[in-house]
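Here is a briefing on one protein model. Please keep the sequence and the 3D view open while reading.

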Amino acid sequence: MSSRDLQIRLAAFQWLTVQMELHGEALPRTVLARGFDYEGTRVPLLNPQGIFKPAILDVPLSITTIPGGPYDDQLGSASGVITYRYRGTDPQHRDNRGLREAMRRQIPLIYFYRLQPGQYLATFPVYIVGDHPADLAFDVQVDDVQQLFAPEVAAAPAIAEDRAEIRREYVTAVVRRRLHQQAFRARVLEAYRTQCALCRLRHQELLDAAHIIGDAQEQGDPVVSNGLSLCKLHHAAFDRHFLTVRPDYRIEVRQSVLDEEDGPMLLHGLKEMHERLILLPSNVSLQPDRDRLAQRYQAFRAAI
């Protein structure tokens, strides 16, 4: 990899870091498609094709997954990789050859994951670490971006390679979990029209997707009917059994909280929620699963 190529990629990573500070983790597609200027040349970061190489580079800069799109990319691999499908069915398509070259030269890329139309998560750096022409797929792993600035040069090559493999498997697993969580949040907030189901707060930055049944438990699937759009106050109160949502979709506040006197926040933020109906998704299939709510209500009663 040439010094200029690396500098452009590092500039892209730094620019993305700034954009995430400005916009949050979900980046607007318009911002990514416009990109940034590098020495007077505009460098866009993605296009509709999935594998994208801007004119300033000889090897692709980014790859994109669109859940439910034409390519069956897989995040949940047990082998410590993300499976990324070829462009089309021709292994020799120029985009596929570009990723193969990125693998040969171990060139860092950006991985975009579409949360919903117009919003993408950015993960970097990622590397192509395997090529499977029979399956029309590449293996992708995520690495720690700090390794680009402080590579492991002190260790012997074999040791450094082993460390890199272990580190990438771990970072990839963390990123896969983050992508799943953010995708779940995007679907839940969209179903609830970007409002808290309890207090109707509309500030997206202050909203979470709360699991009714935790994702580590049986029936804790990351589906919208196992989620509630809650502001951070009510998410914390829900998790700690200060209040709950009954199967009849009404809020029940713990009696000890109802009996307490502690100023306007307690009164308006929690106590006044008691017996209110929650906001529901208009799509009946996305509304909270009553059986899961009943299971959660049993846990609430046991906790108090």
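Ala12 is buried, at 0% relative accessibility; buried means under 20% relative accessible area, exposed over 50%, and partly exposed in between (1.4 Å probe, protein chains only). Ala12 sits in helix α1 (residues 3-23). This is a predicted model, in which local features need pLDDT of at least 70, side-chain atom pairs count only at pLDDT 80 or more, and totals for chains, interfaces and linings use all residues. Residues are numbered from 1 along each chain as its sequence is written, and side-chain values use heavy atoms, with hydrogens and water left out.

**Around Ala12**

- Leaving aside residues up to four places away in sequence, Ala12 touches Phe36, Leu61 and Ile110; contact means heavy atoms within 4.5 Å.
- Ala12 and Glu169 lie 157 residues apart in sequence. Their C-alpha atoms are 24 Å apart in space.

**Overall build**

- The protein has 8 helices and 13 strands. Helices (H or I, at least four residues) and strands (E, at least two) are DSSP runs, numbered from the N terminus.
- Along the principal axes, the C-alpha atoms fill a box of roughly 70 × 40 × 40 Å.
- Of the 304 residues in the protein, 48% are buried.
- Among contacts with a separation of 6 or more, 59% join residues 24 or more positions apart.
- The exposed area of the protein is about 15,300 Å², and carbon and sulfur atoms supply 51% of it. Accessible areas come from the Shrake-Rupley method with a 1.4 Å probe; for residues, only the protein chains shown count as cover.
- The protein carries 36 positive and 38 negative charges, and their mean positions are 5 Å apart. Lys and Arg count as positive and Asp and Glu as negative, while His and the chain ends are not counted. Each charge is placed at NZ of Lys, CZ of Arg, CG of Asp or CD of Glu.

**Helix α3**

- Helix α3 (residues 94-105) has 12 residues. From first C-alpha to last it reaches 16 Å, close to the 16 Å expected at 1.5 Å a residue. The expected span is 1.5 Å times one less than the number of residues.
- Its buried residues are Asp95, Asn96, Gly98, Leu99, Arg100 and Ala102.
- Cover for these buried residues includes β4 (51-52), β5 (62-65), β6 (82-85), β7 (109-116), β8 (119-132) and β9 (137-142).
- Gln106, just after α3, takes a positive phi of about 50 degrees.

**Helix α5**

- In α5 (residues 232-239), the buried residues include His234, His235, Ala237 and Phe238.
- Seen down the axis of α5, its buried residues fall within an arc of 165 degrees, so they line one face of the helix. The arc is that of the directions from the helix axis to the C-beta atoms.
- The buried residues of α5 pack against β10 (207-211), β11 (227-231), β12 (243-245), α7 (264-269) and α8 (290-303).
- His241, just after α5, has a positive phi of about 65 degrees.

**Helix α8**

- Helix α8 has 14 residues and reaches 20 Å from its first C-alpha to its last, close to the 20 Å expected at 1.5 Å a residue.
- Arg292, Leu293, Arg296 and Phe300 are buried in α8.
- Viewed down the axis of α8, its buried residues fall within an arc of 95 degrees, so they line one face of the helix.
- An α-helix has 3.6 residues a turn, so residues three or four places apart point the same way.
- The face of α8 turned away from its buried side carries the exposed residues Asp291, Gln298 and Ala302.
- What covers the buried residues of α8 includes β10, α5, β12 and β13.

**Backbone points to check**

- Phe124 and Pro125 are joined by a cis peptide bond, with omega about -10 degrees. Pro125 is in strand β8.
- Arg200 is not a glycine, yet it has a positive phi of about 70 degrees. Arg200 lies in the loop between α4 (157-191) and β10. It is partly exposed, at 34% relative accessibility.
- Tyr249, also a residue other than glycine, has a positive phi near 70 degrees. Tyr249 lies in the loop between β12 and β13 (251-253). It is buried, with a relative accessible area of 7%.

**Ser256**

- Ser256 lies in helix α6 (residues 255-258). It is partly exposed, with a relative accessible area of 42%.
- Ser256 and Pro54 are 202 residues apart along the chain, and their C-alpha atoms are separated by 60 Å.
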